[in-house]
Amino acid sequence: MPGRVQRLRQLPAGPSSPTLGGPVSFRTLPEQVVARLRQAIVTGKLRPGTRLVEMRIAEQMQTSRGPVRDAIALLEGEGLVVKAPHRGACVLDFDPRLLREAASLRGRLEEFAVSLVVPRLGADDLARLESLVQGMEDAARRQAVQEFNNVDYRFHDAIFQMSGHHTLHEVWRGMQRRFRVFLASTNVINRNLRLVAQRHRAILAALASRKPAGSRRAIRGHFARMEKELQVLLGAHESAERTGRGRRTRTAAQESG
C-alpha cells in the first residue's frame, strides 16, 4: 500500500496532467436492465399495474436476479415502480388527483425555467429548439405518435437544460416520467399533432423574441390547453376503470351464483 500511494503521488499534476478522454460507455448490468425496463414502461409495453417478477425478467434478459432486483429498486426511486401489498413490485398505477395536481404545477415550473432561459439564450440554443420543432412537424405529418411524443419531451427537456437550474430540471424530469407512463397507456392517436406542433412553434417564436413576458404567456397558453386535454384523457381513463370494475363484479357474482 505505501508503494501504491507513492506511485500515485508521482503522477503529473496541473496543466501537464494527461487528458482522460470523453465519457466511458460501460454500463453496469443493473443500469442496462433499468434502461430496458424504463423504455418498456414509458412506451406502454409494460402497462400500469403490471407485476415485475424478478425471475421472469432475469430469464428474458438472460441475467441473474441480482441486477434485476437492483434495477427495480432504482425504478422505484424514480417513481415509475411501486411496491404493492401482497403483489410486490408493480409498474406505477395512476392516481388521477395527483396527476391533476402535477399538471397544474408543470406549467408553473416551465414558466420559471423560461424566465431563466431568455437572458441565456444563444444562437445554438435557438437552432437546437428549431430542429426539435421541425422534428415534431415532420412526425405530425406522418402521424408518428410515439416519435412525436419523444421529440416533444426533448423540446421541453432542452428548455430546462438551458435554464441552468439543475434542481429545477431534475424535479421536472421526475414529474414528466409519470406523465409519459400515463400517456403511453392511453389512446392518444386522435390527438391533433399538427396543432400541438404549432403551439411549440409559437413557444419558439416567443423565445426567439427574447421577451420574458411573451415567452411566459406562450408557455402558459400551451399548458392551459394541455391541462384540458389531460382532463379528457383522465375522464376516459376513469370511465374505463369503472366499466372494468363493473364487469368484474358482475362476472364474480355470476360465477358465485
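Student: Why does F160 count as buried?

Tutor: This is a predicted model, and its relative accessibility for F160 is 1%. Buried means under 20%, so F160 at 1% meets the condition.

Student: What makes F160 and W172 a stacked pair?

Tutor: Two values settle that one. The ring centres are 4.8 Å apart, and ring centres have to lie within 6.5 Å to pair. The planes of F160 and W172 stand at 20°, and stacked requires planes under 30 degrees apart. Both conditions are met, so the pair is stacked. F160 sits in helix α7 and W172 in helix α8, 12 residues apart, and the pair links these distant parts of the chain.

Student: How do you know whether W172 is buried or exposed?

Tutor: The relative accessible area of W172 is 1%. Set that against the limit of under 20% for buried, and W172 is therefore buried.

Student: Why are the rings of Y153 and W172 called stacked?

Tutor: Their centres are 5.4 Å apart, with the planes at 25°. The limits are within 6.5 Å for the centres and under 30 degrees for the planes, so Y153 and W172 are a stacked pair. Y153 belongs to helix α7 and W172 to helix α8, so this pair ties together parts 19 residues apart in sequence. Both residues are buried.

Student: How many aromatic pairs does the structure hold, and which residues do ring pairs link into a cluster?

Tutor: There are two aromatic pairs. The cluster that ring pairs build consists of Y153, F160 and W172.

Student: Let's turn to the core. Which residues have the most contacts inside the largest nonpolar core?

Tutor: They are L129, M136, F148, F155, I159, I203 and L207, in a core of 44 residues. Two or more residues come from each of α5, α6 (123–142), α7 (145–163), α8 (166–184), α9 (193–208) and α10 (212–256). Helix α7 gives the most, with nine residues. Another core, of 18 residues, lies apart from this one and includes V33, I57, A58 and V68.

Student: Which residues is F155 in contact with, leaving aside neighbours within four places in sequence?

Tutor: F155 contacts L129, L132, V133, M136, H200 and I203.

Student: What makes S215 buried?

Tutor: S215, in helix α10, has a relative accessible area of 1%. Buried means under 20%, so S215 qualifies. Beyond its neighbours within four places in sequence, S215 is in contact with V114, V118, A206 and L207. The C-alpha atoms of S215 and I203 are 6.5 Å apart, and these residues are 12 apart in sequence.

Student: Why is E111 called buried?

Tutor: E111 has a relative accessible area of 13%. The limit is under 20%, so E111 counts as buried. This residue lies in helix α5 (residues 96–117). It touches R216, I219 and R220, with residues up to four places away in sequence not counted.

Student: How do you know that strands β1 and β2 pair?

Tutor: Count the bridges: four join β1 (residues 81–84) to β2 (residues 88–91). At least two are needed for pairing, so β1 and β2 satisfy the rule. The strands run antiparallel, and V81 stands opposite V91 in β2. This hairpin has three residues between its strands, and H86 takes a positive phi near 65°.

Definitions and conventions. Residues numbered from 1 in each chain as written. Predicted model: local features only at pLDDT ≥ 70, side-chain atom pairs only at ≥ 80, totals over all residues. Heavy atoms only, no water. Buried < 20%, exposed > 50% of the residue type's maximum accessible area, 1.4 Å probe, protein only. Contact = heavy atoms within 4.5 Å. Core = buried A, V, L, I, M, F, W, Y, C linked by side-chain atoms within 4.5 Å. Phe/Tyr/Trp six-rings, centres within 6.5 Å; stacked < 30°, edge-to-face > 60°.
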